[in-house]
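Colleague: Could you take me through one part of this model in close detail? I would like to hear about the salt bridges, and then how they sit beside the packed interior.

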Amino acid sequence: MAYERSLARWALSVEGPGLLFDEVFGRDAGDLILDIGFGAGEALIELADMRPHECVIGVDIHTPGIAAVLEAVENRGLMNVRVVDGDVIDLLDRIPSRSLAEIRAFFPDPWPKQRQRARRLIRADVVRRLVPLLRAGGSLHLATDCADYATQMRRVCDAEAALEGGVIERPPWRPHTRFEQRGIKEGRHATDLIYVASST
């Protein structure tokens, strides 16, 4: 099946030894991006197409989205993209410290019910594991249209001593995803946050 063939060619396992990114991409990996929870893949595909100098590792468990990204890799020749079908937490041990130029998490699942909040991605224990993977000056870019989640994101990231930043105006270059467009129709508006890793 085409999906399995593409997955075998372009996917990385969540488990295994530390990743050597120049070998993974067959070139100087340069600016390395970790895109967590890319959903249907629109933003990942568009940005990878616009920025061929960036190498992107997209992580998700959404099979249709993974299939869409793999199709774009094949049809558009996006040799700067690799995918991971799995939980990003399980992948983190494979990523060398200080290796990432940017970590993106656009519209992670808001888990809106109070009893679900512990399942949110952007929480203190996860951010503590993500920050050491950013190189000095690397950025953590978050976006959500859940006001309560935006507050949590800011609180968690503000408490991390190695990060500086906060809420920004929506960057014009960030593609609209179908999830964001649906939220706009329902009266929700996105909040973007960018935090930069210090050199210490």
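Modeller: Happy to! Let me begin with the term itself: a salt bridge here is a side-chain nitrogen of Lys or Arg within 4 Å of a carboxyl oxygen of Asp or Glu. Please keep in mind that this is a predicted model. With that rule, Arg 51, Glu 54, Glu 102 and Arg 104 are joined in a network of salt bridges. The count for the model comes to 16 salt bridges.

One pair worth your time is Asp 148 with Arg 117, whose side chains meet at 3.0 Å, N to O. Asp 148 belongs to helix H7 (residues 147-158), while Arg 117 sits in the loop between S4 and helix H6 (124-130), so this salt bridge ties together parts that are 31 residues apart in sequence. Asp 148 counts as partly exposed because its relative accessibility is 35%, and Arg 117 is also partly exposed, at 22%.

Helix H7 holds a further pair, Asp 158 and Arg 154. Their closest N and O atoms are 3.8 Å apart, which falls within the 4 Å limit. These two residues are four apart in sequence, about one turn of the helix. Asp 158 is partly exposed at 44% relative accessibility, and Arg 154 is partly exposed at 43%.

Glu 186 and Arg 188 form another salt bridge, with their closest N and O atoms 2.6 Å apart. Here Glu 186 is exposed, with a relative accessible area of 51%, whereas Arg 188 is partly exposed at 28%.

Now to the interior. In soluble globular proteins, nonpolar side chains tend to be buried together. The largest nonpolar core in this model has 41 residues, and Leu 34, Ile 57 and Leu 163 have the most contacts inside it. Helix H7 comes up again here, giving this core its largest share, four residues. Leaving aside residues up to four places away in sequence, Ile 57 touches a set of residues including Leu 12, Phe 21, Phe 25, Leu 34, Val 84 and Leu 91. Asp 35 and Arg 82 are also among the residues that Ile 57 touches.

Apart from that core lies another, of 17 residues, among them Tyr 3, Ile 33, Leu 44 and Ala 48. Leu 44 and Ala 48 are buried residues of helix H3 (residues 42-50), as are Ala 43, Ile 45 and Leu 47. The buried residues of H3 pack against strands S1 (31-36), S2 (54-60), S3 (81-85) and S4 (100-106), and against helix H4 (63-76).

Terms used: Residues numbered from 1 in each chain as written. Predicted model: local features only at pLDDT ≥ 70, side-chain atom pairs only at ≥ 80, totals over all residues. Heavy atoms only, no water. Buried < 20%, exposed > 50% of the residue type's maximum accessible area, 1.4 Å probe, protein only. Contact = heavy atoms within 4.5 Å. Core = buried A, V, L, I, M, F, W, Y, C linked by side-chain atoms within 4.5 Å.
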